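User: Please take a close look at the salt bridges in this model, and explain which side chains pair and how exposed the partners are.

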Amino acid sequence: MLSVARTISVIGTGYLGAVHAVCMAQLGHTVIAVDVDEDKIAAFAAGRTPFYEPGLDELLTETLATGRLTFTTDPAQVADAEVHFICVGTPQAPGEFRADLTYVYAAADGLGPYLREDALVVGKSTVPVATAERLRRRIAAAAGREAEQVRLIWNPEFLREGFGIEDTLTPDRFVYGVAEPGSAEAEADVALLDDVYAVPLASGIPRLVMDYPTSELVKVAANAFLATKISFINAMSEVCETAGGDVVALAKAIGHDDRIGAKFLGAGVGFGGGCLPKDIRAFMARAGELGADQALTFLREVDAINDRRRARMVDLAREACNGSFIGKQVAVLGAAFKPNSDDIRDSPALDVAEQIHAAGAQVRVHDPRALPVARAHRPGLDYRDSLEEALAGADVVLHLTEWQDYRDLDPAAVRGAVTNPVVIDGRNKLDPDRWKAAGWTYRALGRPNL
Ligand code: UGA
């Protein structure tokens, strides 16, 4: 399949690492994926993905069967690899805005002793600017070499959960950060990484080479822009609510302008997940350390707008319950931070559900995929596997994660299950006319009472 098949290691098997490992094996490379989590590695080796990502189970089974993909917890087993991808997580540090780099540094320390002299390390984790250079020195120290003797490219990842395979095999662009752009060493490193991505590159996907700091910034700048775009439309939503405008019509109208674009103008309860919220906070923290905090103060407002939408959703639900949640039943549709994922990290849906529960309502949460994870990590809520049970006797129904299942609901069929037929669309994705025609009161964020 490939002119040059390479031997690769992938360090870290979270969403990013697992998808990357499977996709690299699919491209024809020999891949060993390593993680400290024994249960996770055992699951992958047995052909089971420990989280939900559309298509990943199938591709895992397919690539395991080729014999090109293996999983291990033993760092020594990566010693043959020509290219090592660092894909570990960089969560928000507890009680702080900055990113916790513990796992990235542990990966560097673990890799150093087993690094072939000619091997290339490729960083994919989302990191604060200046981490690549530090990491290079750290790997060098662990390998007993000078930093210049460690080959490292920073190659940020732009994959969206739910589209991980597509975004890995056919990304919009490849970004390579190198130590010295234009040097012979950089050219050699770029050529080796080009071998790894030979198939997608052959289809004409742009590949941009730059210095380390710029490549690190590209990633956080992209996520900061996306978060800003969502909070911009949610700010318009707030204005629409006071001025009697309709944010859905507004978004559609401004989205026709190519310079603005219609994507990521979905107004609602805002962004969550393991990336956008923590990335904008880590970006602000890093800018502060660099003395450039003023440049990013607007991101504080982006974060605040996002939180306010959750609070507004709670207020709308309270209004629908005649001003008090005490003794009321609230059905919550959605637990994942977005559809086609079972990821509940910083989920707006669960945040809203918990606030309403804390205010005295009986809250029943449904989600097509995320309930096992939600039960394990946010055990305080009442989760229902069946939609009928979640809806039964509800005084108000909140649509908080736009799964296709909810859009496909027949409002007439579920009308009889609830006590009060009031639905509040926190994602602006239900069809108001259908719900109203079936006898429901339809409310939404940023829209007049339709
Ligand atoms: C995001 C970026 O989109 C990816 O490019 C990036 O690689 C990834 O973070 C990462 O850094 O790893 P992801 O977190 O999977 O990807 O989710 P998004 O699709 O960006 O959605 C983020 C949140 O924004 C979700 O809660 C979603 O519901 C919300 N959203 C999205 C809106 O509220 N409105 C929109 O119009 C779009």
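Analyst: A salt bridge is counted here where a side-chain nitrogen of Lys or Arg lies within 4 Å of a carboxyl oxygen of Asp or Glu. In this predicted model, a search of the whole structure finds 32 salt bridges. As general background, side chains of opposite charge can pair when their charged atoms come close.

One of these pairs joins E241 and R312, whose closest N and O atoms are 3.0 Å apart. This pair links distant parts of the chain, since E241 belongs to helix α9 (residues 212–243) and R312 to helix α12 (residues 297–320), with the two positions 71 residues apart. E241 is partly exposed, with a relative accessible area of 25%, and R312 is likewise partly exposed, at 25%. Elsewhere, R281, D303, R310, D346 and D351 are joined into one network by salt bridges that share partners.

Two further pairs can be described in the same way. The side chains of D118 and R116 meet in a salt bridge with an N to O distance of 2.9 Å; D118 is partly exposed, with a relative accessible area of 39%, and R116 is also partly exposed, at 30%. The side chains of R173 and D172 form a salt bridge as well, with an N to O distance of 3.7 Å, which falls within the 4 Å cut-off. In that pair R173 is partly exposed, with a relative accessible area of 25%, whereas D172 counts as exposed because its relative accessibility is 61% and exposed means over 50%.

Conventions
Residues are numbered from 1 along each chain as its sequence is written. This is a predicted model: local features need pLDDT of at least 70, side-chain atom pairs count only at pLDDT 80 or more; totals for chains, interfaces and linings use all residues. Side-chain values use heavy atoms; hydrogens and water are left out. Buried means under 20% relative accessible area, exposed over 50%, partly exposed in between (1.4 Å probe, protein chains only). Helices (H or I, at least four residues) and strands (E, at least two) are DSSP runs, numbered from the N terminus.
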